[in-house]
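Please find below my notes on the model, set out as numbered points. They begin with a ring and a charge, and then turn to the fold, the core and the aromatic pairs.

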Amino acid sequence: GATPDTGANGVAAESTTTPTTPATETTATAAPAPGHSPEAQDHPNQVATAETELLAFQAEMADINGRWDAEPRTLEYADGEGLLTDLAGRMATWATNLGSVVPPVTLTDAHGVLTGTAQAAADSAGDVLTGFTGPDRDPRITALGEFDVAVTAFTAAADDVELRATTTGS
């Protein structure tokens, strides 16, 4: 049975957080492929999650800039600046977090490419913000192009990591 948790008042309370699914069901679906360590199995999942997050950031970036560039404009300057500041900050954190992921040894090089493209995407998001606050639209448009190039490079690097993870048998 579940070990009772002792509350602050000293009274034992039954734990309600114990999963009711039998262990056999979860191990059958989540078992790593033969020859793959749990770390090696987890890494492609982390990469896939990071890719999904980046594509969401890209959609957000396109939306903010699309509203700013619309005729008539559908975004106030202060709102655009706030949204881009928030987005650039979340992307910087995202890139930092990805950089702290330790890949399986066989994927170290591929992961290095991945984190490089992640940092490039985060940096160009910051450049979009800088361009947005400037007097001329060209730096923002240039940074947007660089952002999209970095996103494309990241997705290619993510595909490479996923491919290597399934073929190396690390």
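1. A charge is taken to sit over a ring if NZ of Lys or CZ of Arg is within 6 Å of the ring centre and within 35 degrees of the ring normal. Arginine 73 meets this description with respect to tryptophan 68, lying over the face of that residue at 3.5 Å from the ring centre. The reader should keep in mind that this is a predicted model.

2. As to the overall fold, the chain contains five helices and two strands, and along the sequence these follow the pattern β-β-α-α-α-α-α. Of the 170 residues in the chain, 31% are buried. Where contacts join residues at least 6 apart in sequence, 70% of them link residues at least 24 apart. The chain exposes about 9,800 Å², of which carbon and sulfur atoms supply 58%.

3. The largest nonpolar core has 36 residues, and those with the most contacts inside it are Leu54, Met61, Met91, Trp94, Leu114 and Phe154. Helices α2 (38-69), α3, α4 and α5 each supply at least two residues of this core, and α5 gives the most, with 10 residues. Leucine 114, one of the residues named above, touches Val47, Leu98, Phe154, Ala157, Ala158 and Val161 when residues up to four places away in sequence are not counted.

4. Helix α3 deserves a separate remark. With 23 residues at 1.5 Å a residue, α3 should span 33 Å, and its end C-alpha atoms are indeed 33 Å apart, so the expected and computed values agree. The buried residues in α3 are Gly80, Leu84, Leu87, Ala88, Met91, Trp94, Ala95 and Leu98.

5. The structure holds five aromatic pairs. In one of them, the rings of tyrosine 77 and phenylalanine 132 have their centres 5.1 Å apart and their planes at 10 degrees, and the pair is therefore stacked, given that planes under 30 degrees apart count as such. Because tyrosine 77 lies in helix α3 (residues 77-99) and phenylalanine 132 in helix α4 (residues 108-133), the pair ties together parts that are 55 residues apart in sequence. Tyrosine 77 is partly exposed, with a relative accessible area of 35%, whereas phenylalanine 132 is buried, with a relative accessible area of 4%.

6. How is the pair of tryptophan 94 and phenylalanine 154 arranged, and what are its centre to centre distance and the angle between the planes? This aromatic pair is tilted, at 5.3 Å centre to centre and with 55 degrees between the planes. Since tryptophan 94 lies in helix α3 and phenylalanine 154 in helix α5 (residues 138-168), the pair ties together parts that are 60 residues apart in sequence. Tryptophan 94 counts as buried at 6% relative accessibility, and phenylalanine 154 is buried with a relative accessible area of 0%. Together with Phe57, Trp94 and Phe154 form one aromatic cluster.

7. Threonine 117 is placed in helix α4 and counts as buried, at 12% relative accessibility, where the cut-off for buried is under 20%. Leaving aside neighbours within four places in sequence, threonine 117 is in contact with Ala150, Ala153, Phe154 and Ala157. Phe154 thus appears in the contacts of threonine 117, in those of leucine 114 and in the aromatic cluster.

Conventions: Residues numbered from 1 in each chain as written. Predicted model: local features only at pLDDT ≥ 70, side-chain atom pairs only at ≥ 80, totals over all residues. Heavy atoms only, no water. Phe/Tyr/Trp six-rings, centres within 6.5 Å; stacked < 30°, edge-to-face > 60°. Helix = DSSP H or I, 4+ residues; strand = E, 2+ residues; numbered from the N terminus. Buried < 20%, exposed > 50% of the residue type's maximum accessible area, 1.4 Å probe, protein only. Contact = heavy atoms within 4.5 Å. Expected span 1.5 Å × (residues − 1). Core = buried A, V, L, I, M, F, W, Y, C linked by side-chain atoms within 4.5 Å. Areas by Shrake-Rupley, 256 points an atom, 1.4 Å probe, with all protein chains shown as cover.
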